[in-house]
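Me: Please explain the assignments made for this model, and set each value against its criterion.

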Amino acid sequence: MPEHRYLDGELTPVACHECDLLQVLPDLPAGGKASCSRCGCTLATRPADPIERPLALAIAALLVLVVANTAPLMGLSAVGRHASTTIIGGAYQMWLQGQEVTAVIVAFCAVIAPAGYLLCLLIVLFAVRRPPAPLWVGGMLRWAERTRPWAMTEVMMLGIMVALIKIADLAKVEAGMGMYAVGALMLLFPAILSSVDTEELWARVAWHEPDPEPGPAPERELASEQAPDVISNSAPNAPETPSEASAP
Amino acid sequence: MTSAPVTAIKAGLLSCDTCGLLSQPASAAEPGYCPRCGRELESRRHRSIERTWALVIAAAICYIPANMLPVLGTTTLGSTEYDTIMGGVVFLFTSGSWPLALIVLIASVMVPLGKLVALSYLLITVQRGSVQGSRERTRLYRLVEFIGRWSMLDVFVDTFTVALVQLSPLMSVRPGAGVLFFAAVVVLTMIAASTFDPRLIWDAISDVGSEPASSRVNNPQQESNLG
């Protein structure tokens, strides 16, 4: 595990982002997860290999993404005529048929958001391999987090399948290379999401305000302030769960 | 369990919405910027209730034409047939693939409607200062956030159907005006879910048990999922 994850000691105070409850994160075992004691939302995860594994997966996903966007998704043949389409070809046809706004939404959710997310994440992952990464990496990370909810590869996959079955009633259809690539992408995206630890990435980016005196007090001061209470509170149960978890 | 839980806002702390860093702002009124990522700090999302209501109402308005107007028009040898979203579900059902019909029905009709109802319910209970079922309401919010994207299914189905079936004059499919409204419902409800601040659900509890913020710090539950 990288030793610089939390700047001093294992105990980090955090506020739950769904209920604002103040809690102290214990040192999590690799593969462990801490959830809020009040609302149950995930406070922190600690994937086993937070940089190299998502990096490898993201590179693979980028290659698959290129195939998914260039190879035909599906083809149709009826009475001696053949037609096929790609993802962006679908959005373009919508544009041609007078649905410009829908075409832009489809292009964004199907192509731009997944590609943008992958590219931003790749740049961040490369940059944080040697911490501290420069300030602009934080901006990239923010963009990656922003585009993530709009990348709808798995929804598109189901949409392609429903469309195929609908059209199969009217004409002969066959799946193309692109569809298999979208299927692979659908598996790669959740694998990337579960192997990335955003907190770990942020911890490896340089601080915007290197000198904490004039502005808000950073985490470090707070931790030392509340440390005695924290340790006495979490000492009994902190060693229990990790040891139980690190059995395998 | 009944003692007032210590939230970040009570302890005079703020967690950054962008990078999650907990920091102590100089003043609560003007928290300034996050020392780590440099983004503006705010204890709760700005005008969360008003913005979410505006987006929910806009989405509810779009929901009507999304279901009334046709999403697809199929032209076969000169005669054109228009299909609404429900028409597409019925088509899938009668052509024998009822599991798909069920998926499309859930994703395109029930999920958008459920999202509008759920977000309205969350907004109303927050505005009333309800303290009951906060955990369940947070779970409902999480469900709304998770499930929202799946409503885009029908937009993708229509797009690829239109893109592929272009065999004029034999047969061609054109998109109808309903697609735009339907896509608007999905996008608006997704933005509405992200402007709603789930911490507001819990603020009512903190306000009721108004003990001075002690230095008691809560311990999160730990679990590990090693395969």
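The exchange below takes up conformation, burial, sheet, domains and interface in turn.

Reply: This is a predicted model, in which local features need pLDDT of at least 70, side-chain atom pairs count only at pLDDT 80 or more, and totals for chains, interfaces and linings use all residues. Residues are numbered from 1 along each chain as its sequence is written, and chains are lettered from A and ligands numbered from 1 in the order in which they are written.

Me: Why does A:D20 count as buried?

Reply: A residue is buried if 20 or more other C-beta atoms lie within 10 Å of its own, exposed if 12 or fewer, and partly exposed in between, with C-beta atoms placed from the backbone. A:D20 has 30 such neighbours inside 10 Å, and therefore counts as buried. A:D20 is found in the loop between β1 (12-15) and β2 (22-25) of chain A; here helices (H or I, at least four residues) and strands (E, at least two) are DSSP runs, numbered from the N terminus. Its phi is positive, about 70 degrees, although A:D20 is not a glycine.

Me: What makes B:R47 buried or exposed?

Reply: B:R47 has 12 C-beta neighbours inside 10 Å, so this residue counts as exposed. B:R47 lies in the loop between β2 (22-23) and α1 (48-68) of chain B, and its phi is also positive, near 45 degrees, in a residue other than glycine.

Me: Why are such phi values singled out, and which peptide bond is cis?

Reply: Most residues other than glycine have a negative phi, and most peptide bonds are trans. The bond joining A:P131 and A:P132 is cis, with omega about 0 degrees. A:P132 is placed in the loop between α3 (100-127) and α4 (135-147) of chain A.

Me: How do you know that β5 and β6 of chain B pair?

Reply: Two strands pair if DSSP finds at least two bridges between them. β5(B) and β6 (residues 171-175) of chain B have two bridges, in the antiparallel sense, and B:Q166 stands opposite B:S172 in β6(B).

Me: Why are β4 and β5 of chain B called edge strands?

Reply: The open antiparallel sheet has four strands in the order β4-β3-β6-β5 (chain B). β4 (79-83) and β5 (166-167) each have a single partner strand, so one side of each is left without a neighbour in the sheet.

Me: Which residues count towards the contact between chains A and B?

Reply: Two residues are in contact if their C-beta atoms, placed from the backbone, lie within 7 Å. The contact takes 83 residues from chain A and 69 from chain B. Helix α5 (residues 153-164) of chain B gives the largest share of the chain B side, ten residues.
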